[in-house]
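Student: I have not looked at this structure before. Could you take me through some of the terms used to describe it?

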Amino acid sequence: MAKYILALDQGTTSSRALLFDRQGQPIAKAHQEITQIYPHPGWVEHNPIEIWETQLYTARQAIESAGIKPEEIMAIGIANQRETTVIWNRFTGKPIYNAIVWQCRRTSELCENNFTENMRTYISENTGLLVDAYFSATKIRWLLDKINNGRLLAQRGDLLFGTIDSWLVWNLTGGKLHITDYSNASRTMLYNISNLQWDDKILSFLDIPSHILPTVKQSSEIYGMTDPALFGTEIPVAGLAGDQQASLFGHTCFEEGMVKNTYGTGCFALMQTGNKFVRSSHKLLTTIAWGLEDKISYALEGSVFIGGAVIQWLRDELGLLHSFEESEEYASQVPDTNGVYFVPAFVGLGAPYWNMNAKGIITGLTRGTNRKHIIRAALESIAFQTNDVLSVMQKDTNIPVKTLRVDGGATSNKFLMQFQADISSTSVQPAPVAEVTALGAAYLAGLASGFWKNKNELPSFSRASHTYHPAISSSSREKHLNNWFKAVKQAII
Ligand code: ADP
């Protein structure tokens, strides 16, 4: 009986592979950075071959360092950076260009100028997304327009499009499968998330032939087997999800209204909304959480562009810190920020403001302000921005967020976690394992392959001892929030 699940976590900065046992414990890990390619300001690319090779290498390394045989792996699950776009030739398997990364802004002008108001409304009503260069649709359009004979080859049926999950599965199966899952499809801006079809109207608006698109599958099912040449045996590929959805699953947010927030460079909050496609009145995105057991679960999503990155900025640009950890130490050495508020709108503001022109601002400076106050205000800004997202999620769904499940690098900061609990008036529960995104992918693959028979059989982790509870008065919370909103107004110009 196979004893492990192999999870591949293909992220923006690295490819990772982890082997999980039946208790959900990672018994081996490997990771490799991938090269960030910046051909022009605002453009971001990855080499798809490097993505595949690092992912394969880390998978083999994890197997080797665990000292297990590939036959002991029951199935493979994949979590991946979302929206990043690859187009390759179906006959040679070669990409026609680098992968265009989700962060890449090369199509922002196209998004600003070429969509009619009617089309924008149609897209938001049917894909759940706002027209933006982040999503795959305009990246595909760019590739077909700009790369030699792109459109001709696509029309002739030579080209295939995929997000990173599709690209990895294609390579893992030796070119046998061209598939994606609901969660990844829902980030392309081409997928109609209410009728669960690629949307012909958007495809024809962007002049993208539908036959380049992958077949959309559930997030948990046995799709096919790996090419035996890769691991010396065939292993079922059985789970796929975009990284934020995989993290939602890894946090076992299985019930409607459960919310997770990941505190990395940016922050990503998702609320599971069950089988309901909730339309936001506050510029949150509606997305598919996963397709499981022939049912779709939806989610509302809001992102904060500058989360942990504000601490990086204090360290690297202002030199106020030597390490991330120091931020907690300094913040805790002062009783408050001494009236300082910091809105880190370095690249505009995400939900619920969606203001790309907002600029960063530090307000309330006096002769008595010192660096500890600024550091504390920076940490508080991560929680304030997250709170802005959580509060509109509650308004859109009428579901109070009683508990927030959290993961990501900045969750090791106890000051930040306590402040989040205080300002959002909610319990904050850090993930009981460090790699919750990979764990989510492992769960999806494990459920499809019978490694775990059903959701009740998934390992349960106790979170109680780590939980942060709100500990400030409502008047103090209100005062803080009023001051924050005043500062945000000043940042929006
Ligand atoms: P990503 O996956 O986006 O690279 P990680 O989950 O690795 O992000 O988290 C890294 C981010 O978390 C960095 O931006 C860093 O500033 C922040 N961070 C890490 N440790 C701390 C800490 N102790 N306090 C505050 N922020 C932190």
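Student: What makes the approach of Ala309 to the ligand a polar contact?

Tutor: This is a predicted model, and in it a polar backbone atom of Ala309 lies 3.4 Å from an oxygen atom of the ligand. The cut-off for a pair of N or O atoms is 3.5 Å, so the pair counts as a polar contact.

Student: Which polar side-chain atom lies 3.1 Å from an oxygen atom of the ligand?

Tutor: That atom belongs to Gln312. Its distance of 3.1 Å is also within 3.5 Å, so this pair too is a polar contact. For Gly409, a polar backbone atom is 2.8 Å from a ligand oxygen atom, and the limit of 3.5 Å therefore admits that pair as well.

Student: How much of the ligand does the protein bury?

Tutor: The protein buries 73% of the 580 Å² that the ligand exposes when taken alone.

Student: What surrounds the ligand, by class?

Tutor: The shell has nine polar, six nonpolar and one charged residues. Of the 16 residues around the ligand, those that come nearest are Thr265, Gly308, Gln312, Gly409 and Asn413. Helix H11 (residues 309-316) supplies three residues, the largest share of the shell.

Student: Why is H13 called oblique to H14?

Tutor: Helix H13 (residues 371-397) packs against helix H14 (residues 414-424) at an angle of about 40 degrees, and their axes are 9 Å apart. Angles under 35 degrees count as roughly parallel and 65 to 115 as roughly perpendicular, so about 40 degrees makes the pair oblique.

Student: Which hand does the crossing of H13 and H14 have?

Tutor: The crossing of H13 and H14 is right-handed.

Student: How do you know that the peptide bond from Ala351 to Pro352 is cis?

Tutor: Omega for the bond from Ala351 to Pro352 is near 0 degrees. Pro352 sits in the loop between strand S19 (341-343) and strand S20 (361-363).

Methods. Residues numbered from 1 in each chain as written. Predicted model: local features only at pLDDT ≥ 70, side-chain atom pairs only at ≥ 80, totals over all residues. Heavy atoms only, no water. Near = heavy atom within 4 Å. Polar contact = N/O pair within 3.5 Å; in protein donor to acceptor, adjacent residues only side chain to side chain. Areas by Shrake-Rupley, 256 points an atom, 1.4 Å probe, with all protein chains shown as cover. Helix = DSSP H or I, 4+ residues; strand = E, 2+ residues; numbered from the N terminus. Nonpolar A, V, L, I, M, F, W, Y, C, P; charged D, E, K, R; others polar. Axes fitted to C-alpha atoms, helices over the stretch in contact; angles between N-to-C directions. Parallel < 35°, antiparallel > 145°, perpendicular 65-115°, else oblique. Left-handed = near helix turned anticlockwise from the far one by under 90°.
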